[in-house]
Amino acid sequence: MSSVEKTLSIVKPDAVERNLTENIKEYFLKNNLKIVKEKKIQVSKDEAAEFYRVHQTKPFYDRLCNYLSSGPITVMILEGENAIKENRRIMGATDPKNAEDGTIRKKYGISIDKNSIHGSDSVENAKKEIEFFFKN
Ligand code: CMP
């Protein structure tokens, strides 16, 4: 079944620093994901910790929060048919070493930490993550 969904995308500090935001946006547009909202911001470590709270028991949590708050990021709401799954397909596997050819992480990812991009993994998390960055 297909349906129009919204999902959250984050261009992470490693990719913003290398000026890759426009290149990454091309992947979304080519794959019929519309960019509905977009802003460049920097989050504090506390905000990063709140955003990634689902990972709080993981050994990499502290490193992850330090990293997300280490420099500017670009957050976007993407919209399209099956946007959540589509976005994750376009991003590729979490670890760029395992990412499929033609994906964003294969092309730009540096490591599992500096993997250039984040995307919501479920309808429920997409809603929460969009609200986190775009409370009106
Ligand atoms: P992201 O999709 O933003 O979600 C959580 C992030 O944790 C993930 O991308 C990776 O950058 C990072 N991370 C670091 N180590 C791991 C790991 N072992 N497994 C999953 N994610 C990890």
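In this predicted model, the largest pocket is lined by 26 residues, and those nearest its centre are Tyr52, Val54, His55, His118 and Glu129. Several elements give two or more residues to this lining: α3 (45-51), α4 (61-68), α5 (83-91), β4 (117-119) and α7 (123-133). The top contributor is α7, which supplies four residues. As for volume, the largest pocket comes to about 690 Å³. Sorted by class, its lining is a mix of 10 charged, nine nonpolar and seven polar residues.

Next come the strands. Strand β3 spans residues 73-81, and eight of its nine residues are buried, so the rest of the structure largely encloses this strand. Two partners pair with β3. One is strand β1 (residues 4-11), which meets β3 in the antiparallel sense over eight bridges. The other is strand β2 (residues 34-41), which also runs antiparallel to β3 and is joined to it by seven bridges. Glu79 is a handy place to see both pairings. From β1, Lys6 stands opposite Glu79, while Lys34 of β2 has Glu79 as its bridge partner in β3. As a general point about such elements, side chains in a regular strand alternate between the two faces of the sheet.

Aromatic rings make up the next part of the picture. Searching the whole structure turns up five aromatic pairs. In one of them, the ring centres of Tyr27 and Tyr108 are 6.3 Å apart and the planes stand at 75 degrees, over the 60 needed, so this pair counts as edge-to-face. Tyr27 belongs to helix α2 (residues 21-30) and Tyr108 to helix α6 (residues 104-108), so the pair ties together parts that are 81 residues apart in sequence. Both partners are tucked away: Tyr27 is buried, with a relative accessible area of 12%, and Tyr108 is buried as well, at 11%. Tyr27 also has a charge for company, since the charged end of Lys30 sits over its ring, 5.1 Å from the centre.

A second pair involves sequence neighbours. The rings of Phe132 and Phe133 have centres 4.9 Å apart and planes at 80 degrees, so they too are edge-to-face. Their exposure is not alike: Phe133 is buried, with a relative accessible area of 6%, whereas Phe132 has 22% relative accessibility and counts as partly exposed, because the cut-off for buried is under 20%. A charge is found here too, with the charged end of Lys135 over the ring of Phe132, 5.4 Å from its centre. Phe132 and Phe133 are also part of a wider group, as ring pairs link them with Phe51 and Tyr52 into a cluster. Tyr52 ties this cluster back to the largest pocket, being one of the residues nearest the pocket's centre.

One last spot is Ser116, which is found in the loop between α6 and β4. Despite being in a loop, Ser116 is buried, with a relative accessible area of 0%. Between Ser116 and Lys106 there are 9.8 Å in space, C-alpha to C-alpha, and the two are 10 residues apart in sequence.

Conventions. Residues are numbered from 1 along each chain as its sequence is written. This is a predicted model: local features need pLDDT of at least 70, side-chain atom pairs count only at pLDDT 80 or more; totals for chains, interfaces and linings use all residues. Side-chain values use heavy atoms; hydrogens and water are left out. On a 1 Å grid over the protein atoms alone, a cavity is a set of points where a 1.4 Å probe fits but cannot get out, and a pocket is an open set with protein on both sides within 12 Å along at least five of seven lines; lining residues have an atom within 4 Å of a point. Grid points are joined across faces, edges and corners, and a volume is the space filled by probe spheres set on the points. Ala, Val, Leu, Ile, Met, Phe, Trp, Tyr, Cys and Pro count as nonpolar, Asp, Glu, Lys and Arg as charged, and the others, Gly among them, as polar. Buried means under 20% relative accessible area, exposed over 50%, partly exposed in between (1.4 Å probe, protein chains only). Two strands pair if DSSP finds at least two bridges between them. Rings of Phe, Tyr and Trp (its six-membered ring) pair if their centres lie within 6.5 Å; planes under 30 degrees apart count as stacked, over 60 as edge-to-face and the rest as tilted. A charge sits over a ring if NZ of Lys or CZ of Arg is within 6 Å of the ring centre and within 35 degrees of the ring normal.
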